[in-house]
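Please take the sequence and the three-dimensional model together and follow the chain through its packing, its enclosed space and a few single residues.

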Amino acid sequence: MSKSDQRLQDEGSRLQVVAAGATAGLISRFVVAPLDVVKIRLQLQTHSLSDPLTHVDLRGSPIYKGTIGTFRHIVANEGVTALWKGNVPAEMLYVAYASVQFTTYRSSTMLLRRLFGDEETGRTRLPKAAESFISGASAGATATAVTYPLDLLRTRFAAQGNDRVYASLRRAIRDIARDEGVPGFFRGLAPALGQIVPFMGMFFAVYEGARLPLGQLELPWGTGDATAGVMASVVAKTGVFPLDLVRKRIQVQGPTRSRYVHKNIPEYAGGTVATVRRILEREGVRGLYRGLTVSLIKAAPASAVTMWTYERVLNFLISKGEEAGMESQK
């Protein structure tokens, strides 16, 4: 567990931060992969469960009913391994994302302290909450842009049913490059950036604000670090969820749009705002929140595992580094 008088961005060298972030992302992704597949399937479902008239144009698309019902439907029709569809690009995504995110967060904080630091007192003139928000937003935006093609690939593989659109990751990259060009790998980047900047800003601000106070408490359900991670993720996830749904809908646009498990996905043109309007017109406000329940359920284990693993791996690497330094001095 991290020392209570240290803040996240002060800990560890750059290499230690990268290693800890990558490990945290890798483990977290594997744990929550089934929940992520269920969330994506629900987000791409455009027909309403309560309106039979929307079932006329299903074109063979499944009708998912809730989180548990979706789990059962996927396992019954596609097998248990279907819950890990898209896991290869997702693992690559989470490792790369976590590494870039934590590294940029630390670097941004150090830059802010140089810009706004008081040489006489050694303290920053920038409020801690503002510092965490700016660093978190910068880290989220950078990590999202750098790793976005992997995110798109993850979504497309998770959206595949028994009729495979892409036979392998290599084929998917080749087909998208051939049929859609480089822009095809960045479909939905605008709502992704619009989502991640406030999400990560709110996440780190809430997490850093709650981590130290909660760390001093004896909580029956777990550590203060994990609890702070859950609180921060739930608050941020709810606020930006409509943009996450829009991103998923745009990611499966293109020549393969009608070949995924949901074959009746509408064609969205005109960008993020136009897509939001189209969803509101056809599905109402509820349409922007399909999959929110499983997303919040996923947020708890994902954030808890990520932050818990990151803290402990980083602490382990720091202690090993100190031991190696002491031995070299003998």
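Leaving aside neighbours within four places in sequence, which residues is valine 38 in contact with? The model is a predicted one, and in it valine 38 is in contact with Thr67, Thr70, Phe71, Ile74, Leu83 and Val294. Val38 also belongs to the largest nonpolar core, where Val38, Ile74 and Tyr166 are the residues with the most contacts inside the core. That core has 34 residues. The elements giving two or more residues to it are helix H1 (14-43), helix H2 (66-78), helix H4 (128-158), helix H5 (169-179), helix H7 (224-251) and helix H9 (292-329). H1 supplies the largest share of this core, five residues. A second core, separate from this one, has 27 residues, including Leu150, Phe199, Val240 and Tyr310.

The chain as a whole gives the setting for these cores. It contains nine helices and zero strands, so the order of elements from the N terminus on reads α-α-α-α-α-α-α-α-α. Of the 330 residues, 50% count as buried. Among contacts in the chain with a separation of 6 or more, 79% are between residues 24 or more positions apart. The chain exposes about 15,400 Å², and carbon and sulfur atoms supply 61% of that area.

Next comes the space that the atoms leave empty. Rolling a probe the size of a water molecule over the atoms shows where such space is left. How many cavities of 30 Å³ or more does the structure hold? The structure holds one, and about 690 Å³ of space lies in the largest cavity. This cavity is lined by 34 residues, of which Tyr94, Tyr97, Ile196, Phe199 and Lys237 lie nearest its centre. Two or more lining residues come from each of H1, helix H3 (87-116), H4, helix H6 (189-215), H7 and H9. The largest share of the cavity lining, seven residues, comes from H6. By type, the lining of the largest cavity divides into 16 nonpolar, nine polar and nine charged residues. Phe199, one of the residues nearest the cavity centre, is also a member of the second core.

The pockets are treated separately. About 350 Å³ of space lies in the largest pocket. Its lining has 15 residues, and Leu49, Arg286, Tyr289, Arg290 and Gly291 lie nearest the pocket centre. H2 and H9 each supply at least two residues of this lining, and H9 gives the most, with three residues. The lining of the largest pocket divides into six nonpolar, six polar and three charged residues.

Some single residues can now be placed. Lysine 248 is found in helix H7. Is this lysine buried or exposed? Lysine 248 counts as buried because its relative accessible area is 1%, and the cut-off for buried is under 20%. Not counting neighbours within four places in sequence, lysine 248 is in contact with Lys39, Ile40, Gln43, Leu44, Arg154 and Thr155. Lysine 248 and alanine 159 are 89 residues apart in sequence, while their C-alpha atoms are 9.7 Å apart in space.

Threonine 104 lies in helix H3. With a relative accessibility of 17%, threonine 104 is also counted as buried. Beyond residues up to four places away in sequence, threonine 104 touches Ser138, Ala139 and Thr142. Computed along the sequence, threonine 104 and valine 18 are 86 residues apart, and the C-alpha to C-alpha distance between them is 9.9 Å.

Two further residues have a relative accessible area of 18%. Glutamine 16, in helix H1, is buried at that value. Leaving out neighbours within four places in sequence, glutamine 16 is in contact with Leu314, Leu317 and Ile318. Leucine 292 has its place in helix H9 and is buried, with a relative accessible area of 18%. The C-alpha atoms of leucine 292 and proline 242 are separated by 9.0 Å, although these residues are 50 residues apart along the chain.

How values were computed:
Residues are numbered from 1 along each chain as its sequence is written. This is a predicted model: local features need pLDDT of at least 70, side-chain atom pairs count only at pLDDT 80 or more; totals for chains, interfaces and linings use all residues. Side-chain values use heavy atoms; hydrogens and water are left out. A nonpolar core is a set of buried Ala, Val, Leu, Ile, Met, Phe, Trp, Tyr and Cys residues joined through side-chain atoms within 4.5 Å. Buried means under 20% relative accessible area, exposed over 50%, partly exposed in between (1.4 Å probe, protein chains only). Helices (H or I, at least four residues) and strands (E, at least two) are DSSP runs, numbered from the N terminus. Contact means heavy atoms within 4.5 Å. On a 1 Å grid over the protein atoms alone, a cavity is a set of points where a 1.4 Å probe fits but cannot get out, and a pocket is an open set with protein on both sides within 12 Å along at least five of seven lines; lining residues have an atom within 4 Å of a point. Grid points are joined across faces, edges and corners, and a volume is the space filled by probe spheres set on the points. Ala, Val, Leu, Ile, Met, Phe, Trp, Tyr, Cys and Pro count as nonpolar, Asp, Glu, Lys and Arg as charged, and the others, Gly among them, as polar. Accessible areas come from the Shrake-Rupley method with a 1.4 Å probe; for residues, only the protein chains shown count as cover.
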